[in-house]
Amino acid sequence: MQPLNLRIRFDELLSFSDIDGKELKKTQRKVGREVQKIARKLVSKRAVSKPGELPGMNTGKLRKAISYRPSRSGFSVGISSRA
């Protein structure tokens with residue numbers, strides 16, 4: 001699986017006031033949920049893991065601990081485990 005590489009180009013320059021923060025946060029939350037879903041699926045394998053593999057699921061604590069959180073400004077979102 002390759003890391004997400006996204007490039008966006010605009011025809012004219014944007015200033016900070018041109019960006020709608022509410023819509024930006026809404027979109028970041030949507031992206032965060034999708035990445036959270038993928039991460040949870042990757043660690044949900046019901047088996048004993050081999051060295052170098054993602055951990056196998058015994059209790060599901062790691063899967064449940066994976067969460068996302070948008071920043072206050074709305075320009076980024078973080079994915080982490082609370083374990």
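**Reading charges and strands in a predicted model**

Colleague: Where does K26 lie in this predicted model?

Modeller: K26 lies in helix 1, which covers residues 21–42.

Colleague: Why is K26 called partly exposed?

Modeller: The relative accessible area of K26 is 45%, and the term partly exposed covers values between the limit for buried, under 20%, and the limit for exposed, over 50%, so K26 is partly exposed.

Colleague: What makes K26 eligible for a surface patch of positive charge?

Modeller: Patch members need over 30% relative accessible area and no salt bridge; K26 has 45%, and K26 gathers with K22, R29, K30 and R33 in a patch of positive charge on the surface.

Colleague: How do you know that K37 and E34 form a salt bridge?

Modeller: Their closest N and O atoms are 3.6 Å apart, and the cut-off is within 4 Å, so the pair counts as a salt bridge. A search of the whole structure finds one salt bridge. K37 and E34 both lie in helix 1, three residues apart, which is about one turn of the helix.

Colleague: Is E34 buried or partly exposed?

Modeller: With a relative accessible area of 42%, E34 falls between the limits of 20% and 50%, and is therefore partly exposed.

Colleague: What makes strand 1 and strand 2 a pair?

Modeller: At least two bridges are required, and strand 1 (residues 66–70) and strand 2 (residues 77–81) are joined in the antiparallel sense over five bridges, so they count as paired. Within this pairing, Y68 stands opposite I79 in strand 2. The two strands form a hairpin with six residues between them, and G74 in the turn has a positive phi of about 90°.

Methods: Residues are numbered from 1 along each chain as its sequence is written. This is a predicted model: local features need pLDDT of at least 70, side-chain atom pairs count only at pLDDT 80 or more; totals for chains, interfaces and linings use all residues. Side-chain values use heavy atoms; hydrogens and water are left out. Patches are made of residues with over 30% relative accessible area and no salt bridge: like charges are joined within 9 Å, nonpolar side chains (Val, Leu, Ile, Met, Phe, Trp, Tyr) within 5 Å. Accessible areas come from the Shrake-Rupley method with a 1.4 Å probe; for residues, only the protein chains shown count as cover. A salt bridge is a side-chain nitrogen of Lys or Arg within 4 Å of a carboxyl oxygen of Asp or Glu. Lys and Arg count as positive and Asp and Glu as negative; His and the chain ends are not counted. The place of a charge is taken as NZ of Lys, CZ of Arg, CG of Asp or CD of Glu. Helices (H or I, at least four residues) and strands (E, at least two) are DSSP runs, numbered from the N terminus. Buried means under 20% relative accessible area, exposed over 50%, partly exposed in between (1.4 Å probe, protein chains only).
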